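Trainee: I have a new structure to look at. Could you show me how to read its features one by one?

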Amino acid sequence: MDSENKQRCQTALYEEEVLARSTGFANSQGYGGMNQESLNPRKDQIQDSQASKILAQLHDKQLLIVNSRRRNGLILYKRHHAEFAGPGAAVGGVFDLDCQRVLPVGNLSLITPESPDERQRAYLIRRQWINLTKKITEKSVPLERAQMILNQFDNYFDSETIAQLPDEAFALLVGVLPHTIGKVRNTADRVDVIET
């Protein structure tokens with residue numbers, strides 16, 4: 001009986017993994033499970049297409065600027081961490097060749113710099129975004145880092161935009177586990193419900 005149950009579990013796990021891969025729910029480290037983004041396949045396909053195009057531009061060393069006239073940004077997944085490039089920040093060139101994935105935030109708009117001054121300003125703004133994240137990562141308590149990065153995004157983006165971002169993205173930005181981000185988000189949700 002135990003071997004029969006074990007066989008059923010293995011078969012179910014295998015089928016689940018095959019389904020995940022065939023429908024695009026797998027991440028680069030293997031099956032990542034369903035998330036909020038996977039509930040709307042059409043939107044996912046559009047976002048994946050946009051992300052693929054952006055990633056190709058970055059790998060082609062194109063220098064782009066996150067449009068400073070919109071509340072938007074780009075999360076750049078590197079090998080062991082992620083970086084956020086907010087409005088006005090430069091992305092691409094020689095700085096993001098090691099980028100493995102990108103995640104558009106908000107209604108992303110990337111523009112091409114038209115002058116050396118515009119490029120230089122964009123580099124400085126990118127550095128400011130990196131320094132902001134660095135200040136958060138200097139906190140020694142993971143829950144504090146998680147709370148601070150969520151607060152930063154709360155101050156800049158609407159709740160719907162933030163809800164669409166996976167815990168993994170925030171976790172890689174400030175060096176915590178995705179579970180820690182989820183814990184802070186759940187606590188914040190409960191506080192919002194209690195206050196209303």
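Mentor: Happily! Let us start with one residue: at a relative accessibility of 0%, Val66 counts as buried. Keep in mind that this is a predicted model. Val66 belongs to strand S3.

Trainee: Which residues are in contact with Val66, leaving aside its neighbours within four places in sequence?

Mentor: With those neighbours set aside, Val66 is in contact with Asn72, Gly73, Ala85, Gly86, Pro87, Gly88, Ala89, Val91, Leu108, Ser109 and Leu110. Take Ala85: 19 residues separate it from Val66 along the chain, and the two C-alpha atoms are 7.2 Å apart.

Trainee: What about Asn67, is it buried or exposed?

Mentor: Asn67 is buried, and its relative accessible area is 14%. This residue sits in the loop between S3 and strand S4 (72-77). Not counting residues up to four places away in sequence, Asn67 touches Asn72, Pro87, Gly88, Ser109 and Ile111. From C-alpha to C-alpha, Asn67 and Ala89 are 8.1 Å apart in space, with their positions 22 residues apart in sequence.

Trainee: Let me step back to the whole chain. How many helices and strands are there?

Mentor: The protein chain has 7 helices and 8 strands. Of its 196 residues, 34% are buried. Among contacts with a separation of 6 or more, 65% join residues 24 or more positions apart.

Trainee: How do I check a helix, such as H3?

Mentor: Compare the span expected from its residue count with the distance between its ends. At 1.5 Å a residue, the 22 residues of H3 should span 32 Å, and the end C-alpha atoms are indeed 32 Å apart, so the two agree.

Trainee: Which residues of H3 are buried?

Mentor: In H3, Ala122, Arg126, Trp129, Thr133 and Ile136 are buried. Around the axis they cover an arc of only 75 degrees, which puts them on the same side of H3. On the other side of H3, Pro116, Asp117, Arg127, Gln128 and Lys135 are exposed.

Trainee: What covers the buried residues of H3?

Mentor: The cover includes S3, S4, strand S5 (82-85), strand S6 (90-92), H4 and H6. Arg126 gives a closer look, as a residue found in helix H3. Its relative accessible area is 8%, so Arg126 is buried. Apart from neighbours within four places in sequence, Arg126 is in contact with Leu76, Lys78, Glu83, Ala85, Ala89, Ala90, Val91 and Asp96.

Trainee: You mentioned H4 as part of that cover. At what angle do H3 and H4 pack?

Mentor: To describe a helix pair, look at the angle and at the distance between axes. Helix H3 (residues 116-137) and H4 pack at an angle of about 150 degrees, and their axes are 9 Å apart. The two helices are therefore roughly antiparallel to each other, since an angle over 145 degrees counts as such. Leu132, Ile136 and Thr137 of H3 make the contact with Arg145, Met148, Ile149 and Gln152 of H4. Sorted by class, this contact of H3 with H4 has 4 nonpolar, 2 polar and 1 charged residues.

Trainee: Can we put H4 through the span check, and what should its 15 residues span?

Mentor: The 15 residues of helix H4 (residues 142-156) should span 21 Å at 1.5 Å a residue, and the end C-alpha atoms are 22 Å apart, which agrees. Buried in H4 are Arg145, Ala146, Ile149, Leu150 and Phe153. Seen down the axis of H4, the buried residues fall within an arc of 125 degrees, so they line one face of the helix.

Trainee: What about helix H6: which of its residues are buried?

Mentor: In helix H6 (residues 167-174), the buried residues are Ala169, Phe170, Ala171, Leu173 and Val174. After H6 comes Gly175, with a positive phi near 70 degrees.

Trainee: How should I read the sign of phi?

Mentor: Most residues other than glycine have a negative phi. Lys61 has a phi near 65 degrees, a positive value in a residue other than glycine. Look for Lys61 in the loop between helix H2 (41-59) and strand S3 (63-66).

Trainee: One last residue, please: how does Asp48 count by relative accessibility?

Mentor: Asp48 counts as partly exposed, at 48% relative accessibility. Its place is in helix H2. Asp48 and Leu103 are 55 residues apart in sequence, and 8.7 Å apart in space from C-alpha to C-alpha.

Note on methods:
Residues are numbered from 1 along each chain as its sequence is written. This is a predicted model: local features need pLDDT of at least 70, side-chain atom pairs count only at pLDDT 80 or more; totals for chains, interfaces and linings use all residues. Side-chain values use heavy atoms; hydrogens and water are left out. Helices (H or I, at least four residues) and strands (E, at least two) are DSSP runs, numbered from the N terminus. The expected span of a helix is 1.5 Å times one less than its number of residues. Buried means under 20% relative accessible area, exposed over 50%, partly exposed in between (1.4 Å probe, protein chains only). The arc is that of the directions from the helix axis to the C-beta atoms. Axes are lines fitted to C-alpha atoms, for helices over the stretch in contact, and angles run from 0 to 180 degrees between N-to-C directions. Angles under 35 degrees count as roughly parallel, over 145 as roughly antiparallel, 65 to 115 as roughly perpendicular and the rest as oblique. Contact means heavy atoms within 4.5 Å. Ala, Val, Leu, Ile, Met, Phe, Trp, Tyr, Cys and Pro count as nonpolar, Asp, Glu, Lys and Arg as charged, and the others, Gly among them, as polar.
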